[in-house]
Amino acid sequence: VNGGAPDQVIAPLNDDPFIGMFETPVTSSPLVASFLSGLPAYRASAPPVLRGVEIGLVHGFFLVGPFYVLGPLRDTDMALTAGTLSAAGTVLIAATAMAMYGVATFQPGKETPETSLTLTGRTMSADPLQTAEGWSSFAGGFLTGALSGVIWANITLGMGWAYVSPNPVL
């Protein structure tokens, strides 16, 4: 870890206190850096729509469970339907919020391609997700992936391919 006194373990990233991130033994570890760089949100080599689909599939798939098991209709025959519709509604709200964020943050034609530094100090080119067109395709991919995940969760739970504990809350 860079900077400061020899016994100081935490220092500003790249010795720049204005970045707003600390470099710690955990964040500067190669294992953590390689794990984080493999997540879809940080994988700049993948197109934004693919990143949105990946993130949406995971979120949509895991949203059904809490509504199905813990929702107000959990002891009825309509529990799975209610859980699926609730998860789909949550996905629609999240996708709408993402679209509104993109419209407010990324103005078409006003993007400036900026380079950034990695944890090791290497220069990276601008991320296509940080543009109006990139964010729009990311939000569309998220909506598609999340609704697909909700449908897949409904199928796996409805066909009995997934186990649901009879007493989820102890």
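**Exercise 1. How many helices and how many strands does the chain have, and in what order do the elements run from the N terminus on?**

Step 1. In this predicted model, the chain holds four helices and four strands.

Step 2. Reading from the N terminus on, the elements follow the order β-β-α-α-α-β-β-α.

Step 3. For the chain as a whole, 26% of the 170 residues count as buried, and the accessible surface amounts to about 11,000 Å², with 68% of that surface belonging to carbon and sulfur atoms.

Step 4. Among the contacts with a separation of 6 or more, 54% are made by residues 24 or more positions apart.

**Exercise 2. Describe how helix 2 and helix 4 pack, giving the angle, the distance between the axes and the handedness of the crossing.**

Step 1. Locate helix 2 at residues 48-70 and helix 4 at residues 132-158; the two pack at an angle of about 35°, and their axes are 5 Å apart.

Step 2. The crossing of helix 2 and helix 4 is right-handed, and the residues of this contact divide into 15 nonpolar, eleven polar and one charged.

**Exercise 3. Identify the residues with the most contacts inside the largest nonpolar core, and say which helix gives the most to this core.**

Step 1. The largest nonpolar core has 19 residues, and those with the most contacts inside it are Val-64, Met-98, Trp-135, Phe-138, Phe-142 and Val-150.

Step 2. Helix 2, helix 3 (79-105) and helix 4 each supply at least two residues of the core, and helix 4 gives the most, with nine residues.

Step 3. Take Phe-142 as an example: leaving out residues up to four places away in sequence, Phe-142 touches Gly-52, Val-53, Ile-55, Gly-56, His-59, Val-91, Ala-94, Ala-95 and Met-98.

Step 4. As general background, nonpolar side chains tend to be buried together in soluble globular proteins.

**Exercise 4. Decide whether Arg-51 and Thr-156 are buried or exposed, and list their contacts beyond four places in sequence.**

Step 1. Arg-51 has its place in helix 2, whereas Thr-156 is found in helix 4.

Step 2. The cut-off for a buried residue is under 20% relative accessible area. Arg-51 has a relative accessible area of 0% and is therefore buried; Thr-156, with a relative accessible area of 8%, is therefore buried too.

Step 3. Apart from neighbours within four places in sequence, Arg-51 is in contact with Pro-40, Ala-41, Tyr-42, Arg-43, Ala-44, Ala-46, Asp-127, Leu-129 and Phe-138.

Step 4. With the neighbours within four places in sequence again left aside, Thr-156 is in contact with Phe-61, Trp-161 and Ala-162.

How values were computed: Residues numbered from 1 in each chain as written. Predicted model: local features only at pLDDT ≥ 70, side-chain atom pairs only at ≥ 80, totals over all residues. Heavy atoms only, no water. Axes fitted to C-alpha atoms, helices over the stretch in contact; angles between N-to-C directions. Left-handed = near helix turned anticlockwise from the far one by under 90°. Nonpolar A, V, L, I, M, F, W, Y, C, P; charged D, E, K, R; others polar. Core = buried A, V, L, I, M, F, W, Y, C linked by side-chain atoms within 4.5 Å. Buried < 20%, exposed > 50% of the residue type's maximum accessible area, 1.4 Å probe, protein only. Contact = heavy atoms within 4.5 Å. Areas by Shrake-Rupley, 256 points an atom, 1.4 Å probe, with all protein chains shown as cover.
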